[in-house]
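Reader: Hello! I am new to this structure and would like a close look at a single part of it. Could you walk me through it slowly?

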Amino acid sequence: MSNHVPNEARVIPLRPPGARPQAARPATAPRQGSPAPAVKEPLWRDLVGDALRRERLAQERTLKDVADEARISMPYLSEVERGRKEASSEVLAAAAHALGLSLGDLLSRAQGELIRVTSRYSGGSRRTASSPSSSEGLCMAA
């Protein structure tokens, strides 16, 4: 038999004594001279997936309907829409065409969202005089 008293929970520490969890540390302002914490930019696959899903929902179409027309599996299209899969340009083009878009239309929508989201992080002062203009477009290799 053990020394354990019935109906009482035993506590088994998961951290060494004296270690504090990250969340328990008090929030303090960054020290002078130290860089501000970097804001994580969105992933391209998340932006493209969001653009596909927004267009599909705007057309009031089901995932199955679009996947069938694009000739890709429904679970795979779902993963692409959720940003879980990095789809090839062929898959993206097929999904876009099933929605009545060109691949360029889809990528332009994702680029617009990227610009919108990242301008929030930098306070809208993202471009400099030497930066390319948005009219120069987007180049993506597959």
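In which helix is Tyr76 found? Please take me from there to its surroundings.

Author: Happy to! Please keep in mind that this is a predicted model. Tyr76 sits in helix α3.

Let us begin with the chain around it. The protein chain has five helices and zero strands, so that reading from the N terminus gives the order α-α-α-α-α. Of the 142 residues in the protein chain, 24% are buried. Contacts across the sequence are worth a look too: among those between residues at least 6 apart, 62% join residues at least 24 apart.

Now to Tyr76 itself. Its relative accessibility is 25%, and because buried would require a value under 20%, Tyr76 counts as partly exposed. If we leave aside the neighbours within four places in sequence, Tyr76 is in contact with Lys85, Glu86, Ala87 and Val91. Take Val91 from that list: 15 residues separate Tyr76 and Val91 along the chain, while their C-alpha atoms are 9.8 Å apart.

Next, look at Leu77. Again leaving aside neighbours within four places in sequence, Leu77 is in contact with Leu63, Val66, Ala67, Ile72 and Ala95. Leu77 also belongs to the largest nonpolar core, which has 22 residues. Together with Val48, Leu52, Ile72, Leu92 and Leu106, Leu77 touches the most other members of this core. At least two residues of the core come from each of α1 (44-58), α2 (63-70), α3 (74-81), α4 (89-98) and α5 (103-121). The greatest share is that of α4, which gives five residues. As background, nonpolar side chains in soluble globular proteins tend to be buried together.

Two contacts of Leu77, Val66 and Ala95, lead us to one more place, the meeting of α2 and α4. Their axes come within 8 Å and cross at roughly 120°, which means that α2 is oblique to α4. The crossing of these two helices is right-handed. On the α2 side the contact is made by Val66, Glu69 and Ala70, and on the α4 side by Ala94, Ala95, His97 and Ala98. Sorted by character, the residues of this contact are five nonpolar, one polar and one charged.

To retrace the path: we started at Tyr76 in α3, passed to Leu77 and the largest nonpolar core, and ended at the contact of α2 with α4, where Val66 and Ala95 take part.

Terms used. Residues are numbered from 1 along each chain as its sequence is written. This is a predicted model: local features need pLDDT of at least 70, side-chain atom pairs count only at pLDDT 80 or more; totals for chains, interfaces and linings use all residues. Side-chain values use heavy atoms; hydrogens and water are left out. A nonpolar core is a set of buried Ala, Val, Leu, Ile, Met, Phe, Trp, Tyr and Cys residues joined through side-chain atoms within 4.5 Å. Buried means under 20% relative accessible area, exposed over 50%, partly exposed in between (1.4 Å probe, protein chains only). Helices (H or I, at least four residues) and strands (E, at least two) are DSSP runs, numbered from the N terminus. Contact means heavy atoms within 4.5 Å. Axes are lines fitted to C-alpha atoms, for helices over the stretch in contact, and angles run from 0 to 180 degrees between N-to-C directions. Angles under 35 degrees count as roughly parallel, over 145 as roughly antiparallel, 65 to 115 as roughly perpendicular and the rest as oblique. A crossing is left-handed if the near helix is turned anticlockwise from the far one by less than a right angle, and right-handed if clockwise. Ala, Val, Leu, Ile, Met, Phe, Trp, Tyr, Cys and Pro count as nonpolar, Asp, Glu, Lys and Arg as charged, and the others, Gly among them, as polar.
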